[in-house]
Amino acid sequence: MIQDAVFIGIVFMTILGAFIAVWLRNIFYNALGLILSLAGIAGLFLYLNSEFLAVMQVIIYIGAV
C-alpha cells in the first residue's frame, strides 16, 4: 500500500514537472520544471531497482540543466 502511494507520488511529480516545463513562459521556471520531471524519472528508475540508471539520470541530465 505504501509502495503504491510512493509510485503515484513519483508519477505525479514527473507529470507536474513536464507540465511546468512546457506551459510556463519564464525560461527559469521551464528549467526547474525540467529538473523536476527528470528527477521523477530518476525516482522511477529507483523504484524499478535500477540504481545505476537513476544515478546516471541525475549526473548527466539534471547536471546538464
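How many aromatic pairs does a search of the whole structure find? It finds three. Rings of Phe, Tyr and Trp (its six-membered ring) pair if their centres lie within 6.5 Å.

The model is predicted: local features need pLDDT of at least 70, side-chain atom pairs count only at pLDDT 80 or more, and totals for chains, interfaces and linings use all residues. Residues are numbered from 1 along each chain as its sequence is written, and side-chain values use heavy atoms, with hydrogens and water left out.

**Exercise 1. Classify the ring pair of Phe7 and Tyr47.**

Step 1. A pair of aromatic rings is described by the distance of the centres and the angle of the planes.
Step 2. For Phe7 and Tyr47 the centres are 5.1 Å apart and the planes stand at 40 degrees.
Step 3. Planes under 30 degrees apart count as stacked, over 60 as edge-to-face and the rest as tilted. The pair of Phe7 and Tyr47 is therefore tilted.
Step 4. Place the partners. Phe7 sits in helix H1 (residues 2–23) and Tyr47 in helix H2, 40 residues apart, and the pair links distant parts of the chain.
Step 5. Check exposure. Buried means under 20% relative accessible area, exposed over 50%, and partly exposed in between (1.4 Å probe, protein chains only). Phe7, at 33%, is partly exposed. Tyr47, at 34%, is partly exposed.

**Exercise 2. Outline the fold of the protein chain.**

Step 1. Helices (H or I, at least four residues) and strands (E, at least two) are DSSP runs, numbered from the N terminus.
Step 2. The chain has three helices and zero strands. The order from the N terminus is α-α-α.
Step 3. The C-alpha trace spans about 35 × 25 × 10 Å along its principal axes.
Step 4. Of the 65 residues, 20% are buried.

**Exercise 3. Describe how H1 packs on H2.**

Step 1. The axes, lines fitted to C-alpha atoms over the stretch in contact, have angles that run from 0 to 180 degrees between N-to-C directions.
Step 2. H1 and H2 come within 7 Å and cross at roughly 155 degrees.
Step 3. Angles under 35 degrees count as roughly parallel, over 145 as roughly antiparallel, 65 to 115 as roughly perpendicular and the rest as oblique. H1 and H2 are therefore roughly antiparallel.
Step 4. Their crossing is left-handed: the near helix is turned anticlockwise from the far one by less than a right angle, whereas clockwise makes a crossing right-handed.
Step 5. Contact means heavy atoms within 4.5 Å. Among the contact residues are Phe7, Ile10 and Gly17 of H1, and Gly33, Gly40 and Tyr47 of H2.
Step 6. The contact residues divide into 16 nonpolar, eight polar and no charged. Here Ala, Val, Leu, Ile, Met, Phe, Trp, Tyr, Cys and Pro count as nonpolar, Asp, Glu, Lys and Arg as charged, and the others, Gly among them, as polar.

**Exercise 4. Repeat this for H2 and H3.**

Step 1. H2 (residues 27–47) and H3 (residues 51–64) pack at about 165 degrees, with axes 7 Å apart.
Step 2. H2 and H3 are therefore roughly antiparallel.
Step 3. The crossing of H2 and H3 is right-handed.
Step 4. The contact includes Leu38, Ala42 and Phe45 of H2, and Glu51, Gln57 and Tyr61 of H3. It divides into 12 nonpolar, one polar and one charged.

**Exercise 5. Assess the backbone at Asn49.**

Step 1. Most residues other than glycine have a negative phi.
Step 2. Asn49 is not a glycine, yet its phi is positive, about 60 degrees.
Step 3. Asn49 lies in the loop between H2 and H3. At 61% relative accessible area, Asn49 is exposed.
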